[in-house]
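Work through the exercises below with the model open. Try each task before reading its solution.

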Amino acid sequence: MTPPSEHRDFVRQIIEDDNASGKWGSRVHTRFPPEPNGYLHIGHAKSICLNFGIAKEYGGLCNLRFDDTNPEKEDVEYVDSIMEDVRWLGFDWEDRLFYASDYFEQLYAWAEKLICDGKAYVCSLSLEEIRSGRGTPTEPGANSIYRDRSVEENLDLFRRMRAGEFPEGAHVLRAKIDMAHKHMLLRDPIMYRIRFAEHHRTGNKWCIYPTYDYTHGQSDSLEKITHSICTLEFENHRPLYDWYCDALGIHHPQQIEFNRLNLTYTMMSKRRLLELVQAGTVTGWDDPRMPTICGLRRRGYTPEAVRSFCASVGVTKHNATMDMVVLENHIREDLNKRAERRMAVLNPVRVVITNYPEGQIEELDAINNPEDPAAGSRKVPFSRELYIEAEDFMEEPPKKFFRLAPGREVRLRWAYFITCTDVVKDASGNVTEIRCTYDPATRGGDAPDGRKVKATLHWVSASHAVPTEVRLYDHLFMKEDPDAVDDPSLDWKSNLNPNSLQIISNAMLEPSLKTAVAGDRFQFERMGYFCADKDSQPGRPVFNRTVTLKDAWAKEQQK
RNA sequence: AACCCGGUGGUGUAAUCGGUAACACAACAGAUUUUGGUUCUGUUUUUCCAGGUUCGAGUCCUGGCCGGGUUACCA
């Protein structure tokens, strides 16, 4: 899709410049540092591809590190899913799996050092007092009355905080920087808070937990990271990370901020995605409508498509929103080459070939993938009664409708030319049966006399068809920007698409599809790419539509 | 109002000492096609504004304007 280019994004340019100048001794070491408080989404995939991709391209290393400093929101369920998703994407952290919680002891020792250096103090103000004392962006904050406690008192209190002698909220440890600083973050930020919470890894060993800001930079430092690549919203935090590294006199990685990925018709907020899961709006984190990696996987996306999409999105310093169709084009491009074709009728209507012998069955050859000769061919049974797509017939066709209509001849894929001779309708006028004749000379789909038809339809032999459930997905949200609401009393949830899932309970599959197992991907000819769901039963696969094919007729109809 | 960061077709990006604004997607038109798919060809559309420096500015300077982030004991 995107041709190979000499272009390097600004992050890679920085790395190449550093390698050229020998800044890090030509060492490149990155990391992907998720918090295990939710499932990874396509936005994380961009970050994973960037960090692991850069390490690979420049002969460096990339760590996986869990930034697990908030025990109240984190869980091993998330840790496990994150590892699974990173692996599925095709990346390997080898023996470099780390947890910020592994550094708690070191972080604590460093906190004592900052206390001893007069650079941190125990503050006993309440949450509200700290907040109000911080000032506003335009007004300086006020020094805490505890700011000038002695080193001895600070050390004593901090050790007793760790020992569990104080209730939550009684004290915090703050860095002593500058309450009048222009950066709000540098107005004596919190380093430690008391939390009697069980941590998913350290259990009840700790009742004080370091904040992210006090942890993140030092974790990178401990791992000897050279380039700490993160998203734009951490730009404001860089001076604070710098302050900690400098105050501690430790290895100081270079932080580089890039723009996070946004996609139309969906959202990347872990908080909101969790809300959808908890409210039952979706069936879970892996609901195929979710932008999560596991959701995309279940939807039928391949790691290759996700990676090529991530490689194409662009790494810059300004906010951007990618069009969902770009993601969809990447999976189409991948699956077009790889997915075998099958025939499946989603909205069946019966066709009777009146001049075809009753009881006769022919096994016809069907090519599995015209894009890949190595995929070979299969047999498809043909008989007197078939199903075709209801949308492929119109009794009174408009100008540009090329498909079946009374008196018109079309081709059945890999089978015969048929001509519609009659239409049977029920009392309310619905078409219940279409009667056709076939031309035996066109077996396989070619007319020896060279005559042409304007349409080729997919079909399934009625007596051989495998009835099953197919799930069709549409955008999670009706608007490109889920936050766009006209009525101020409404929020993003009002933009949820009520038709994001359409369940078809009686789709008809060609018999070869009967043995499909979860994860199998096919192109249902003319309908789209589909992936067998984990809800499949032996002999009765359930399919998710990954994405439709491009549809020139649908576009024509919208005019 | 403060601080930080940004503004290039509809969207995402490129233009690396200042030298013809280009690529992909989308849109539109056509060709090919046993998928109205794929593939191929063509067309439309671009430097936030105003000054300045210069033979020459998307790029440098000044001043505006607009957008995002920050004001958690979240990350």
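**Exercise 1: the surface near the RNA**

By class, 20 nonpolar, 22 polar and 24 charged residues make up the surface near RNA strand B. Nonpolar means Ala, Val, Leu, Ile, Met, Phe, Trp, Tyr, Cys and Pro; charged means Asp, Glu, Lys and Arg; the others, Gly among them, are polar. The model is predicted: local features need pLDDT of at least 70, side-chain atom pairs need pLDDT 80 or more, and totals for chains, interfaces and linings use all residues. Residues are numbered from 1 along each chain as written, chains are lettered from A and ligands numbered from 1 in written order, and side-chain values use heavy atoms, without hydrogens and water.

Task: Which residues are the closest to RNA strand B?

Solution.
1. Count a residue as near if one of its heavy atoms lies within 4 Å of the strand.
2. That gives 66 residues around RNA strand B; Arg-134, His-318, Arg-341, Arg-403 and Gly-444 are the closest.
3. Of the strand atoms within 4 Å of the protein, 68% belong to sugar and phosphate.

**Exercise 2: polar atoms at the strand**

Task: What does the side chain of Arg-193 approach in RNA strand B?

Solution.
1. Find an N or O atom in the Arg-193 side chain; a phosphate oxygen of RNA strand B is 2.5 Å away.
2. Turn to Thr-316: a polar side-chain atom lies 3.4 Å from a phosphate oxygen of the strand.
3. Compare Asn-336, where the partner is a sugar or linking oxygen at 3.3 Å.

**Exercise 3: Ser-144**

Task: Is Ser-144 buried or exposed?

Solution.
1. Locate Ser-144 in the loop between α5 (127-133) and α6 (151-163).
2. Its relative accessible area is 7%, so Ser-144 is buried.

Methods:
Helices (H or I, at least four residues) and strands (E, at least two) are DSSP runs, numbered from the N terminus. Buried means under 20% relative accessible area, exposed over 50%, partly exposed in between (1.4 Å probe, protein chains only). A polar contact is a pair of N or O atoms within 3.5 Å; within protein, one must be able to donate a hydrogen and the other to accept it, and residues adjacent in sequence count only if both atoms are side-chain atoms.
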